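This report walks through selected strands and helices of one model. Keep the structure open while reading.

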Amino acid sequence: MAIVYDTYQREAPPRLPLLDAADPARIVAWHHGEPVNAARFLAQVQAVAAELPVAAAAVNLCEDRYAFLVAFCAIALRGQTNLLPSSRAPQAVDEVMAAHPGCYALGEQALDPAPRGYRQLLPLDAASPLELDAAWPSIPAGQVVAIGYTSGSTGTPSANLKTWGSFHASNAGNLAMLRAVVGPRFEIVATVPPQHMYGMEMSVLLPLLGGAGVHAGRPFFPADVAAALAEVPAPRVLVTTPVHLRALVESGIALPPVAAMLSATAPLPVELARAAEQRFGAPLLEVFGSTETCVFASRRPTVDEDWSLYEAASLHPQPDGTAVEAPQLDAPVTLADIVSLSHGGRHFRLRGRHADMLEIAGKRASLGDLSRRLLAIPGVRDGVVFQLDDGDALGVHRIAALAVAPGLDEHAILDALRRAIDPLFLPRPLKLVEALPRNETGKLPRAALLELLHS
């Protein structure tokens, strides 16, 4: 008599492809003006992975975007986690490494001084392409492939874990949004670093999982942006920030035709959006998200003030902000943003941030609106209004401002503000500076603002 064993077998965790490329000849990146196809890219990834030390995590410091792509995938392929500090400043890197004992740092440049355990990538040109019948790599969906750190614009940077499955899910929303505007295939030029979550989503995940090709550089000056765009074929998508957009518009430089422009990391004035669309003849899309949530909504600010949620994303207003549900999130995440919903909850409008809301003598204002009014003053090139840490005897925190305004003095700016806002919310002190301490993505770390104000 045969004995039947009712054996419970645990299902193997699902695995997802490291690179979505049915065709080994698909172009993943444009490096030094030359296309790099999927087969060569994966060969270089495997060559780098074979040389990595045994560790749980690595700080990915690559500045060249293609080197970052190779290092990112090699680290993930070894079952390790990419650590993404809020900046490559030595102090920020040291703080992240201290939080992950035993990790190492990886980059393509010779650094001096270098972080402890720093390893420099070998030249990427030596690897031979994979055989076409070789098994293309995949990794577990639940593997934590990255830990992104917030920018510190509202305080101390915080760590946010990202699994490969969550990145696949967030990329699907971005890909659907872009394909609806520019079609199934496009090339990317980005002015933002890949270590920032916006740069990660739009210039790392889209090439890996969305069939796009990405330019390896990170152009800064307008002429560099134009040159980078010229090195990739149409249709082109420019991934940038309001700071870079303003520089491009004011430079008067001509760009090769672009199919779309993408902006994030800071509020985008609608006047700047209109000027950019008129100047470069392409739609300007703004995306909404955070390091905690990744992108979950978009809009075209010249057409809509409201944001449109990605499919399967939903918002739930809370007393202290808004809870976000999205396919890339295992549990709802509450952001400090205050929103109002419309169109059956599929659209929303920003009403401010819980942490930015001010109430003095029964009157309310938001720091974001005060900053916008400061920037609207003719002659103010850049500026920000923020709240200080110290409160008065009644617990009211003072408001301060920094402004870049050649040709104006503090009194002229305060007089203009007095005509636009309630005098209770006039920033004192207001300090004129040569430049604001913006980081690589245009954000303003709070510690840097306080240091500049008191210097």
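## A bridge and a crossover

Thr240 has Ser263 of S14 as its bridge partner. The model is predicted. The pair belongs to a ladder of four bridges between S13 and strand S14, residues 260-263, and these two strands run parallel. Between S13 and S14 the chain passes through helix H7, residues 242-251. This β-α-β crossover is right-handed.

## The other neighbour of S13

S13 also pairs with strand S11, which spans residues 187-190. Four bridges join S11 and S13, and the sense is parallel. Within this pairing, Val189 lies opposite Leu238 of S13.

## Cover on S13

How many residues of S13 are buried? Five of five, so defined by a relative accessible area under 20%. The strand covers residues 236-240 and is mostly covered.

In a regular strand, side chains alternate between the two faces of the sheet. In S13, one side carries Arg236, Leu238 and Thr240. Val237 and Val239 are on the other side. Both faces are covered, and each of these residues is buried. Thr240, the bridge partner of Ser263, is thus listed on the side that also holds Leu238, the residue opposite Val189.

## Helices H4 and H5

Helix H4 runs over residues 164-182, and helix H5 over residues 197-209. The two pack at an angle of about 85°, and their axes are 9 Å apart. Angles of 65 to 115 degrees count as roughly perpendicular, and H4 and H5 are therefore roughly perpendicular to each other.

On the H4 side, the contact uses Trp164, Phe167, His168, Ser170, Asn171, Asn174, Leu175 and Leu178. H5 contributes Met197, Met200, Glu201, Met202, Leu205, Leu206, Leu208 and Leu209. What is the make-up of the contact by residue class? Eleven of its residues are nonpolar, four are polar and one is charged.

## An open antiparallel sheet

Three strands form an open sheet, ordered S18-S19-S20, with antiparallel pairing. Which strands are at the edges? They are strand S18 (314-318) and strand S20 (333-335), each of which pairs on one side only. From one strand to the next, the twist averages 30°.

Strand S19 takes in residues 321-325. Three bridges link S19 to S20 in the antiparallel sense. Here Val324 is opposite Val333 of S20.

Conventions. Residues are numbered from 1 along each chain as its sequence is written. This is a predicted model: local features need pLDDT of at least 70, side-chain atom pairs count only at pLDDT 80 or more; totals for chains, interfaces and linings use all residues. Side-chain values use heavy atoms; hydrogens and water are left out. Axes are lines fitted to C-alpha atoms, for helices over the stretch in contact, and angles run from 0 to 180 degrees between N-to-C directions. Angles under 35 degrees count as roughly parallel, over 145 as roughly antiparallel, 65 to 115 as roughly perpendicular and the rest as oblique. Contact means heavy atoms within 4.5 Å. Ala, Val, Leu, Ile, Met, Phe, Trp, Tyr, Cys and Pro count as nonpolar, Asp, Glu, Lys and Arg as charged, and the others, Gly among them, as polar. Buried means under 20% relative accessible area, exposed over 50%, partly exposed in between (1.4 Å probe, protein chains only). Two strands pair if DSSP finds at least two bridges between them. A crossover is right-handed if, with the strands pointing away from the viewer, the path from the first strand over the helix to the second runs clockwise.
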